[in-house]
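Trainee: Could you take one part of this model and walk me through it closely? I'd like to hear about the helix packing and what sits around it.

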Amino acid sequence: PDHPLYFLKRLRDQILERLIVDPVRKIEFYMLQADKSVNTGLFLAAKQSEALSSEALARGQAYFDQAIRTAAELKAQGKEVPPYLTERFTNAGAKYEEVLTELAATANETQKAALTGLMETFAKLQEEVSKLK
């Protein structure tokens with residue numbers, strides 16, 4: 001995100017998101033984006049770039065939320081959510097909480113409050129995952 005041409009990557013991802021029509025593939029795409037965003041947030045936190053780190057982590061949470069909502073819509077349509085996706089939701093949510101806890105331990109007070117809010121949101125999303133099983 002701190003590179004001048006980063007907007008091109010974001011544009012590419014937005015185009016790909018619009019081109020995917022299969023709900024399962026779209027869920028996989030959202031999970032990939034969530035993983036990449038959380039990893040980027042972790043990397044930026046290591047570089048002491050708190051604002052960009054918080055932004056990337058929030059984007060990761062938004063993608064994770066979108067993946068769960070898409071899976072819930074799939075289930076509401078009477079289709080089955082593949083078991084590997086619900087397992088991936090569970091594992092990813094646990095890993096995200098672990099990463100956020102580690103970051104909160106070394107963060108300043110402002111960032112710690114934002115990270116705590118993200119942790120609470122991830123916990124709520126984990127409850128949604130349990131409904132998908």
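What follows is a look at helix α3 and its neighbours, with a stop at the largest pocket.

Mentor: Sure. Keep in mind that this is a predicted model, so I'll be talking about computed geometry throughout. Let's take α3, residues 50-76, as the reference and go around its partners.

Start with α2, which covers residues 23-46. The axes of α2 and α3 come within 7 Å and cross at roughly 165°. Angles over 145 degrees count as roughly antiparallel, so α2 is roughly antiparallel to α3. As for the hand, α2 passes α3 in a left-handed crossing. And what is the contact of α2 with α3 made of, in nonpolar, polar and charged residues? Its residues divide into 17 nonpolar, 8 polar and 1 charged.

Two residues help you find your way along this stretch of chain. One is M31, which lies in helix α2. M31 is buried, and its relative accessible area is 0%. If you want a ruler across to α3, try L52: the C-alpha atoms of M31 and L52 are separated by 20 Å, with the two positions 21 residues apart along the chain. The other is Q48, found in the loop between α2 and α3. Is Q48 buried or exposed? Exposed means over 50% relative accessible area, and Q48 has 57% relative accessibility, so Q48 counts as exposed. Have a look at its backbone as well: phi of Q48 is near 65°, a positive value in a residue other than glycine.

Next comes α4, residues 83-106. The axes of α3 and α4 come within 12 Å and cross at roughly 160°. That angle is also over the 145-degree cut-off, and therefore α3 and α4 are roughly antiparallel to each other. Their crossing is left-handed.

Then there's α5, residues 109-132. Here α3 and α5 pack at an angle of about 15°, and their axes are 10 Å apart. Angles under 35 degrees count as roughly parallel, so α3 is roughly parallel to α5. The crossing of α3 and α5 is left-handed. For a marker on α5, pick L132, which is found in that helix. L132 has 9% relative accessibility, and since under 20% means buried, L132 counts as buried. Now jump from L132 to A76: the two are 56 residues apart in sequence, yet their C-alpha atoms sit 9.9 Å apart in space.

Last stop, the largest pocket, where α2 and α3 turn up again. Its volume is about 290 Å³. The pocket is lined by 16 residues, and P1, Y6, K9, K36 and T40 lie nearest its centre. Which elements give two or more residues to that lining? They are α1 (6-19), α2 and α3. The largest share, 7 residues, comes from α2. By character, the lining residues divide into 5 nonpolar, 4 polar and 7 charged. Put that next to the contact of α2 with α3, where the split is 17 nonpolar, 8 polar and 1 charged. So when you follow α2 on screen, look at both settings: the contact with α3 and the lining of the largest pocket.

Definitions and conventions:
Residues numbered from 1 in each chain as written. Predicted model: local features only at pLDDT ≥ 70, side-chain atom pairs only at ≥ 80, totals over all residues. Heavy atoms only, no water. Axes fitted to C-alpha atoms, helices over the stretch in contact; angles between N-to-C directions. Helix = DSSP H or I, 4+ residues; strand = E, 2+ residues; numbered from the N terminus. Parallel < 35°, antiparallel > 145°, perpendicular 65-115°, else oblique. Left-handed = near helix turned anticlockwise from the far one by under 90°. Nonpolar A, V, L, I, M, F, W, Y, C, P; charged D, E, K, R; others polar. 1 Å grid on protein atoms, 1.4 Å probe; cavity = no way out; pocket = protein on both sides within 12 Å on 5 of 7 lines; lining within 4 Å. Points joined across faces, edges and corners; volume = space filled by probe spheres on them. Buried < 20%, exposed > 50% of the residue type's maximum accessible area, 1.4 Å probe, protein only.
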